[in-house]
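Got the model open in your viewer? Let's walk through it one selection at a time.

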Amino acid sequence: MINIKLLPAYLFILAVSNAIAGGVVVIGHADVGKLDAATVQKIFTGKLIQVEGIEVTAVNLKPGPLRDRFLQTFLNQTEDKYTIYWAKRLFVGKGAPPLELSNTADVIKFVRSTPGAIGYVDEADVLPEVHVIVR
Amino acid sequence: MKKYFVYRALICIVMLLSGRAVLAVDYTFSGYGTVGYAQSDQSYSYQRYINKSGTFMRDTVFGAQLDARFNPEWTATVQARLAPAQGSDNGWDAVVSWAFLSYRPANDLLIRAGKLRVPFYLNAENMDVGATYVVARLPNELYSVFPNMDFTGASFVKSWDFGDNELDLDGYWGQSNAPWRSYSRDTATPSWLSLKARAKGLLLSWHRQDDIFRVGVHSAELTRNDGLPFYINFTQVTTPGINGSYYTAPGPSGQTASATSPTWNLGADVGWGHGFRTLGEYVRRTIKGTAIGPDTESFYITLLKDAGDWTPYVTYAQIKSKNLAIYQAVNGARVASQGAPQSVIDVINATQRGTADYLTMYDQYSWAVGTSWAVNKSSKIKAEWMAVHTGVTSSFIDAPAGGGSGNQLINVFSLSYSFLF
């Protein structure tokens with residue numbers, strides 16, 4: 001139950017948290033060109049394994065706030081639905097879900113060192129040497 | 001030994017591939033399970049196990065799967081399953097249900113070879129994984145049409161992308177061993193016929209976001225593993241000293257070494273908004289070469305409402321054999337003595353009932369009302385009440401001695417917990 005008297009405080013906290021959270025940026029290895037959101041969706045749902053002749057490897061963060069925001073922004077899915085989607089795909093023998101890494105630093109390291117790799121980070125964590133493919 | 005050749009071949013290929021990219025192999029280990037309890041209000045068994053004593057044998061199953069991804073194109077999958085035995089009513093079978101190699105040379109083509117599952121029903125490949133669907137038990141009226149879905153062979157999936165829509169063409173061919181069960185009411189014993197099925201088929205599936213529309217055509221050539229023939233039909237005979245006619249096994253001209261089963265199916269899983277979905281499937285199985293085979297028509301329709309963690313549903317399912325007249329004729333054949341010894345008459349009459357039991361025929365429908373509760377994203381608790389009504393007969397029932405499986409009403413309560421990891 002929301003206390004109406006505290007509504008301004010709730011709105012302030014919401015605004016601040018969104019500002020802190022920032023946007024989600026999809027990054028890729030240097031050999032991956034610019035992509036659109038629809039292509040990113042198909043890569044993270046296993047429907048695309050090649051883009052313009054390059055074999056792509058998606059990498060996820062372990063479940064958490066940033067992954068939630070990525071799923072909502074690019075796949076229009078919740079964590080629960082995404083998990084069930086991949087469980088069904090896995091158990092019908094049509095592939096395993098993307099590799100999961102623990103934190104943003106690991107994602108950046110993996111993407112930079114693995115040809116065809118695609119991951120995502122918080123906009124605030126984008127460094128100049130990181131190759132952004134969808135912002 | 002022959003079946004292990006496939007596994008050895010797969011292992012060799014996997015080793016060759018892993019030699020090419022041994023540092024890049026990603027392993028995914030996953031598993032699933034259902035602990036299911038079911039109880040009916042009848043003393044006889046329904047679907048092999050369900051009676052008023054209650055059972056965990058009907059729905060309980062556990063499985064584990066290992067996927068090894070060598071690169072985006074090549075993957076190997078092995079799945080092991082522990083479930084109640086398929087060729088016996090006692091004990092459990094631990095089997096390698098899947099062992100196949102996947103090759104995906106392009107986004108729109110997937111080729112698989114090894115031991116894998118026929119992509120037949122909407123929930124064919126994942127039918128053992130209860131956490132991936134809502135209902136407590138997939139309707140047996142339809143999901144029993146293929147007695148063994150796991151076959152050794154090859155399959156392909158070719159996809160066409162139409163933006164938000166996708167069209168898939170699945171094709172498969174291979175063979176499986178299918179245990180075919182019948183139950184003798186007078187001796188209270190099940191018997192198993194081991195069949196070999198050489199099957200092939202094509203399925204076309206249209207995916208529109210979460211919706212699926214499917215049509216498939218299939219054909220299976222059936223032979224007995226014991227080398228004996230199938231009867232084409234029974235021979236109706238009359239004998240001096242016996243009043244009435246009865247049925248006997250035909251001579252060599254009434255036998256065939258194999259039978260063919262052309263089958264086609266339809267399926268749809270459609271959302272209507274506000275969390276409402278309808279799932280429905282239809283299967284028409286025919287038999288060519290014998291008049292006494294399982295020539296059936298099956299369908300079900302499920303309406304469900306996704307209400308957050310809870311998903312209540314209602315299902316209507318039906319199966320009916322097209323050749324029930326043969327069953328009725330054999331089951332109803334009774335003779336009396338016109339001079340023949342009574343012991344001979346008794347044997348003939350008992351044989352008619354036994355022969356009728358040997359025919360696997362179905363005439364039943366069922367209503368099921370239940371709900372699924374998502375404990376979390378990877379586990380579900382399900383509860384269901386189902387009322388089964390039989391008409392002429394139903395081979396899903398182990399009929400009691402002296403009775404029959406026709407005109408029965410069975411109430412079945414089911415409770416299960418399904419999980420995956």
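A bit of vocabulary before the first stop: two strands pair if DSSP finds at least two bridges between them. The helices (H or I, at least four residues) and strands (E, at least two) named on this tour are DSSP runs, numbered from the N terminus. This is a predicted model, where local features need pLDDT of at least 70, side-chain atom pairs count only at pLDDT 80 or more, and totals for chains, interfaces and linings use all residues. Residues are numbered from 1 along each chain as its sequence is written, while chains are lettered from A and ligands numbered from 1 in the order in which they are written.

**Stop 1: a hairpin in chain B**

Select residues 258-273 and 276-285 of chain B. These are strands β15(B) and β16(B), which run antiparallel and are joined by ten bridges. Click on Ala268(B), and you'll find Gly280(B) of β16(B) standing opposite. The hairpin has two residues between its strands, and His274(B) takes a positive phi near 55° there. Now add residues 296-305 of chain B, which is strand β17(B): β16(B) pairs with β17(B) too, again in the antiparallel sense and over ten bridges. Here Arg277(B) faces Leu304(B) in β17(B).

**Stop 2: two residues in a loop**

Most residues other than glycine have a negative phi. Go to the loop between β1 and β2 of chain B, and pick out Gln47(B). Its phi is near 50°, a positive value in a residue other than glycine. Then pick Arg48(B), which lies in the loop between β1 and β2 of chain B and has a positive phi of about 75°.

Are they buried or exposed? A residue is buried if 20 or more other C-beta atoms lie within 10 Å of its own, exposed if 12 or fewer, and partly exposed in between, with C-beta atoms placed from the backbone. Gln47(B) counts as buried because it has 21 C-beta neighbours inside 10 Å. Arg48(B) has 19 other C-beta atoms within 10 Å, so it is partly exposed.

**Stop 3: Ala154(B) and Ser245(B)**

Select Ala154(B), in strand β6(B) (residues 150-162). It is partly exposed, with 16 other C-beta atoms within 10 Å. Two residues are in contact if their C-beta atoms, placed from the backbone, lie within 7 Å. Leaving aside neighbours within four places in sequence, Ala154(B) is in contact with Arg112(B), Ala113(B), Trp173(B) and Gly174(B). Try a distance to Leu101(B) as well: the two are 53 residues apart in sequence, and 9.4 Å apart from C-alpha to C-alpha.

Next, jump to Ser245(B) in strand β13(B) (residues 245-248). Ser245(B) counts as partly exposed, with 13 C-beta neighbours inside 10 Å. Not counting residues up to four places away in sequence, Ser245(B) touches Gln236(B), Val237(B), Thr238(B) and Ala333(B). Draw a line from Ser245(B) to Ser379(B), 134 residues along the chain, and their C-alpha atoms turn out to be separated by 58 Å.

**Stop 4: where the chains touch**

Show both chains together. How many residues does each chain give to the contact? Chain B gives 27 residues and chain A gives 20. On the side of chain B that touches chain A, the elements giving two or more residues are β1 (26-40), β2 (61-69), β3 (74-84), β4 (92-106) and β5 (109-117) of chain B.

**Stop 5: the sheet of chain A**

Hide chain B. Chain A has five helices and seven strands, and 29% of its 135 residues count as buried. Five of the strands form an open sheet with mixed pairing, in the order β5-β4-β6-β1-β7 of chain A. At the edges stand β5 (99-101) and β7 (131-134) of chain A, each with a single partner strand, so one side of each is left without a neighbour in the sheet. Further in, β1(A) and β6(A) run antiparallel and are joined by five bridges, with Val24(A) opposite Asp122(A) in β6(A).

**Last stop: helix α3 of chain A**

Select residues 65-75 of chain A. In this helix, α3(A), Leu66(A), Phe70(A) and Leu71(A) are buried. The buried residues pack against β1 (24-28), β4 (57-61), α4 (79-91) and β6 (117-122) of chain A. Step just past α3(A) to finish at Asn76(A), which takes a positive phi of about 50°.
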